[in-house]
Amino acid sequence: MKFFLDTANIEEIEELIPTGFVDGVTTNPSLIAKNGDDMAKTIKSICSIVSGPVSAEVTATDYETMLKEGEYLASFAKNVAVKVPLTFNGLKACKALREKNIMVNVTLCFSEAQALLAAKAGATFISPFVGRLDDIGEKGTDLIKNIVVMYKNYNFKTEVLVASVRSVEHLIESSLMGADVATLPPKVIHELYNHPLTDKGLKAFLDDWSKTGQSILPK
Ligand code: E4P
């Protein structure tokens, strides 16, 4: 399973790159606004430090401007994946951008029908939002399960990119269902490695080690 970072903050990305589990990055207009810096500068900086796909989202809603914005965003770097919303115009833009060999991430997916259309439009990634479905009382990861099955049934190449991830449980459930990618806020990444038995075990090892009076590196 690939991990993308769901942030537009360079420091957060830089901190996690040495771990080896940053396979890409996703941004959206809200994350760019939260980060506060110029959009083009931010996307170019991220692309210069991350070799995997970096999603940058169009903000137009009409087809022609979406296409122009998509081509412009793709000109920033080879690894830009243009994000388009799951609307009729977004799906048309997806098809046109894919024909130009530009990666496309179709975002704001909340149903199986939407996911089928994105695959038929040739999307590189489909982004179902699990957390926002949970927010309205549905079980977001049920959508992941169904999309994975549907795509397998027809051998669609579109990768299932789990978005709006709020918890470790979202990630684990999605990985058991066979999702290809999860985009994770750095906060969730830092929740993944914590376990009370790790802390307890480490403390016991270090206590015992200190009693030996030894040091691993020669003094
Ligand atoms: C990523 O592609 C999405 O834009 C993001 O995961 C949305 O997350 P949110 O629902 O927490 O805003």
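The shell around the ligand consists of two nonpolar, four polar and four charged residues. The model is predicted, and in it the ligand occupies the largest pocket. Polar side-chain atoms of Asp6, among others, lie close to ligand oxygen atoms, with a separation of 2.6 Å in the case of Asp6.

**Composition of the ligand shell**
- The residues around the ligand are Asp6, Thr26, Asn28, Lys83, Phe129, Arg132, Ala163, Ser164, Arg166 and Thr183.
- Charged members of this shell number four, as do the polar ones, while two are nonpolar.

**Polar pairs and coverage of the ligand**
- Asp6 places a polar side-chain atom 2.6 Å from an oxygen atom of the ligand.
- In the side chain of Arg132, an N or O atom is 2.6 Å from a ligand oxygen atom.
- For Ser164, the distance between a side-chain N or O atom and an oxygen atom of the ligand is 2.7 Å.
- Of the 340 Å² of accessible area that the ligand has on its own, the protein covers 84%.
- The pocket in which the ligand sits is the largest one.

**Ser55 in strand β3**
- Ser55 belongs to strand β3, which spans residues 54-57.
- Ser55 counts as buried because its relative accessibility is 1%, and the cut-off for buried is under 20%.
- The side chains of Ser55 and Asn105 make a polar contact at 3.1 Å.

Technical notes: Residues numbered from 1 in each chain as written. Predicted model: local features only at pLDDT ≥ 70, side-chain atom pairs only at ≥ 80, totals over all residues. Heavy atoms only, no water. Near = heavy atom within 4 Å. Polar contact = N/O pair within 3.5 Å; in protein donor to acceptor, adjacent residues only side chain to side chain. Areas by Shrake-Rupley, 256 points an atom, 1.4 Å probe, with all protein chains shown as cover. 1 Å grid on protein atoms, 1.4 Å probe; cavity = no way out; pocket = protein on both sides within 12 Å on 5 of 7 lines; lining within 4 Å. Sits in = over half its atoms within 2 Å of the grid points. Nonpolar A, V, L, I, M, F, W, Y, C, P; charged D, E, K, R; others polar. Helix = DSSP H or I, 4+ residues; strand = E, 2+ residues; numbered from the N terminus. Buried < 20%, exposed > 50% of the residue type's maximum accessible area, 1.4 Å probe, protein only.
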